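Grab a coffee and work through these exercises with the model open beside you. Try each task before reading its solution.

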Amino acid sequence: MITLTNRQARQFILLKHGLLDEYKFIGKQGALDFVRQAGCIQFDPVDSCGKNAELTLQSRVKGFTKQTLYELLYRDRKLVDYPDKNLSVIPIENWPYFERYRQASREGGLRFEGLAELEDQAKAYIKAHGPVSSDELPIQGSIRWHSSIHWSGNRGGSTNAARAVLEQLYATGELIIHHKKGTRKYYDLAGNYLPAELLKASDPLPDEFAHQKWRVLRRIGAVGILWNRPSDAWLNIWGLKSPQRNDVFRELLEEGKILEVKVQDLKDILFCHAKDGSLLETVRQKDQFKPRCELIAPLDCLMWDRRLIRALFDFDYTWEIYTPAAKRKYGFYVLPLLYHDSFIGRVEAIADNKTNILTVKNIWYEKSVKQTKKLQMMIERNISRFAEFNECNKVNCDRSTVKTYCH
């Protein structure tokens, strides 16, 4: 078992993510490399100062722009929108591993009389007219879904028939998202874009336990280091209850695919990929790394287990987007602020695409933070880069609102 100090554990996870020291992910290839390392990055359509997937990449990838992700998804087709940990972006080569979920959607659709005919209508229309959104597809009426039909987030209830048919064909893999305009999705036939060998490929891991092992190993790699505890990091891995998770961790250890890590003053054992052993040695041998200042996405894979973040970083983060305004402690869309190997606060910023102004509504510092000139310079540089990422040419920061938060 490898033993780390708390600080070394923080440095390890941040180096793994490319959030500490020199940038390890650069340009379009760097963005693709990070998604492949993580397995998936979470998508969310809310755009206050960038969408979650874009925010995840901007903090790690030198030279990243929103167009970079758009091109990887909709021009290069190296990435694809598909449910993984909720709505996600995954590498195209991972497509066959999710065949069991597409099959479940096919079987679920058989329960709806007349759905097959509507699907045929939709596919014929798309074949004749090209990519289509639910507003444009000429299918009328509504369909009442059962919550078990889609694993992609449909919670049941009645929905517009055109939208329902497109979502069903997307869930079964017959359609993919061709592109997006804002929050609107345009669908096209998967066969027009995905390689035939991927579409025809059988599930590489038909055994459920083997599939669970692959998903768990992937999620450990996404976060960097995890414990064998209930966690949001395991969301949407079907059938993964505590007994199955215990068996998965035991076998991954026996197979030498993960390593045990003991962090001083932390009761639970953590686990990381065995291939990251050299990185563990780096943080044990080297004490200092070049500091970076970055704004982190609310649904960043680094943040998937917030209890772990609290244990390692002593940083308590809640995404308050669904909290009633009167009950919010901070704000609607607040980003954790990372400096060096610590979370030093949180920032609420809004990008106005009409005026091209990034407004920093507030910065809340953790009570232990000393606001030195060097720190302020690093934050200002980061916010300047963040404005450029949001295609804003001006930053509006009301310094009277910036305050230190005391617990």
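**Exercise 1: a helix and its surroundings**

Ten of the twelve residues of α1 are buried (under 20% relative accessible area, with exposed over 50% and partly exposed in between, using a 1.4 Å probe and protein chains only), so this helix is largely enclosed by the rest of the structure. Before going on, note that this is a predicted model, where local features need pLDDT of at least 70 and side-chain atom pairs count only at pLDDT 80 or more, while totals for chains, interfaces and linings use all residues. Residues are numbered from 1 along each chain as its sequence is written, and side-chain values use heavy atoms, with hydrogens and water left out.

Task: find the buried residues of α1, then check the span of the helix.

Solution.
1. Locate α1 at residues 6–17. Helices here are DSSP runs of H or I with at least four residues, strands are E runs of at least two, and both are numbered from the N terminus.
2. The buried ones are Q8, A9, R10, Q11, F12, I13, L14, L15, K16 and H17.
3. From first C-alpha to last, α1 reaches 17 Å, close to the expected 16 Å; the expected value is 1.5 Å times one less than the number of residues.
4. Just after α1 comes G18, with a positive phi near 75°.

**Exercise 2: a small sheet**

Task: work out the strand order of the open sheet with three strands, and say which strands stand at its edges.

Solution.
1. The order is β3-β6-β5, with antiparallel pairing; two strands pair if DSSP finds at least two bridges between them.
2. β3 (41–42) and β5 (79–81) each have a single partner strand, so one side of each is left without a neighbour in the sheet.
3. Between β3 and β6 (residues 88–91) there are two bridges, and Q42 sits opposite S88 in β6.
4. Helix α4 (residues 66–74) packs on this sheet and touches β5 and β6, where contact means heavy atoms within 4.5 Å. The direction of α4 makes about 85° with that of β5; axes are lines fitted to C-alpha atoms, for helices over the stretch in contact, and angles run from 0 to 180 degrees between N-to-C directions.

**Exercise 3: charged pairs**

Task: how many salt bridges does a search of the whole structure find, and where do the partners E251 and K213 lie?

Solution.
1. The search finds 33 salt bridges, each being a side-chain nitrogen of Lys or Arg within 4 Å of a carboxyl oxygen of Asp or Glu.
2. Start inside one helix: R163 and E167 meet at 3.0 Å, N to O. Both belong to α7 (residues 161–171), four residues apart, about one turn of the helix. An α-helix has 3.6 residues a turn, so residues three or four places apart point the same way. R163 is partly exposed at 43% relative accessible area, whereas E167 is buried at 12%.
3. Now E251 and K213, whose closest N and O atoms are 3.1 Å apart. This pair links distant parts of the chain: E251 lies in α10 (residues 242–254) and K213 in α9 (residues 208–223), 38 residues apart. E251 is partly exposed at 25%, while K213 counts as buried at 12%.
4. Finish with E294 and R385, at 3.7 Å, N to O. E294 is in strand β14 (residues 293–295) and R385 in helix α13 (residues 373–389), 91 residues apart. E294 is buried at 0%, and R385 is partly exposed at 34%.
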